[in-house]
Amino acid sequence: MSVHDENGLREQIATLGESLFSRGLTMGSSGNISVRLDDGGWLMTPTNACLGRLDPARISRLDGQGRLLSGDRPTKESFLHMAMYEERPRSGAIVHLHSTHSVAVSCLPQIDPCDCIPPLTAYYVMRVGKLPLVPYHLPGDPALGDAVRGLAGQHSAVLLANHGPVVAGKTLEAAVYATEELEETARLFLLLRGENPRCLTPEQVAELEARFPRD
Ligand SMILES: [Zn+2]
């Protein structure tokens, strides 16, 4: 990947980070974004950085072993991203947020841990699919990385209990769109609680999965 392309990706991380922040999908210095580069390394948002005010030049540049080559120190949650990438060789970008409605769903006692949100809409099925719950861990606990690794081969998105979603996509744009779809569907799910909503049938879900496979 040329330096020009890498600079373009740095700009894109900052632009999309600002977009997520300005719409209230991430608060304070929470949330992080990464992109896989052609040489096997990564761009990763820095620790304690606000996604709304990223400096493209200071985004962490990591090598294929996750070592810092340049920029600020990476987010302490980079191990979550690494765990996901290890199991998803075709994923090019990952977004992790503490977005309110997704976190709210992750705190509900009665959700199905294999499939936290029912198939309410076609776009949710197409962009997110079946969303498993990762049990609560202390932030930074390496066992959390192992738990994500165990699910990431089968799922492009996972929901960390009492914490938030980790979402992979083929491109950064795809990962952001899937994260937004997840957050909005979490909101719909909460709006419809107690209403016994009509969900897509297993046949309708299977048709979508066959026609619109995710990476
Ligand atoms: Zn987090």
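**Zinc site and nonpolar cores**

In this predicted model, the zinc ion takes its protein donors from Glu 77 (OE), Glu 77 (OE), His 96 (NE2), His 98 (NE2) and His 163 (NE2). These donors lie 2.0 to 2.7 Å from the ion. Along the chain, the donors of the zinc ion follow the spacing E-x18-H-x1-H-x64-H. His 96 sits in strand S5, residues 93-96. His 163 sits in the loop between strand S7 (157-160) and strand S8 (164-169). The pair therefore ties together parts that are 67 residues apart in sequence. Both His 96 and His 163 are buried.

The largest nonpolar core holds 20 residues. Within this core, Ile 13, Leu 20, Ile 33, Val 95 and Leu 172 touch the most other members. Two or more core residues come from each of helix H1 (3-22), strand S1 (32-36), S5 and helix H6 (172-191). H1 gives the largest share, five residues. Strand S5 thus appears twice: it contributes to this core, and it carries the zinc donor His 96.

The contacts of Ile 13 were examined further. Residues up to four places away in sequence were not counted. Ile 13 touches Ile 33, Val 35, Leu 43, Thr 45, Leu 54, Ile 59 and Leu 172. Apart from the largest core lies another, of 18 residues. Its members include Val 105, Cys 116, Ala 157 and Ala 161.

An unreviewed UniProt entry lists residues 11-190 as "domain: Class II aldolase/adducin N-terminal". In the model, this span is 36% helix and 17% strand. The end C-alpha atoms of residues 11-190 lie 34 Å apart.

Terms used:
Residues are numbered from 1 along each chain as its sequence is written. This is a predicted model: local features need pLDDT of at least 70, side-chain atom pairs count only at pLDDT 80 or more; totals for chains, interfaces and linings use all residues. Side-chain values use heavy atoms; hydrogens and water are left out. Donors are N, O and S atoms within 2.8 Å of the metal (3.2 Å for Na, K and Ca); water is not among the atoms, so sites may look incomplete. Helices (H or I, at least four residues) and strands (E, at least two) are DSSP runs, numbered from the N terminus. Buried means under 20% relative accessible area, exposed over 50%, partly exposed in between (1.4 Å probe, protein chains only). A nonpolar core is a set of buried Ala, Val, Leu, Ile, Met, Phe, Trp, Tyr and Cys residues joined through side-chain atoms within 4.5 Å. Contact means heavy atoms within 4.5 Å. UniProt positions are given in the numbering used here, feature names are shortened, and annotations may be inferred rather than shown by experiment.
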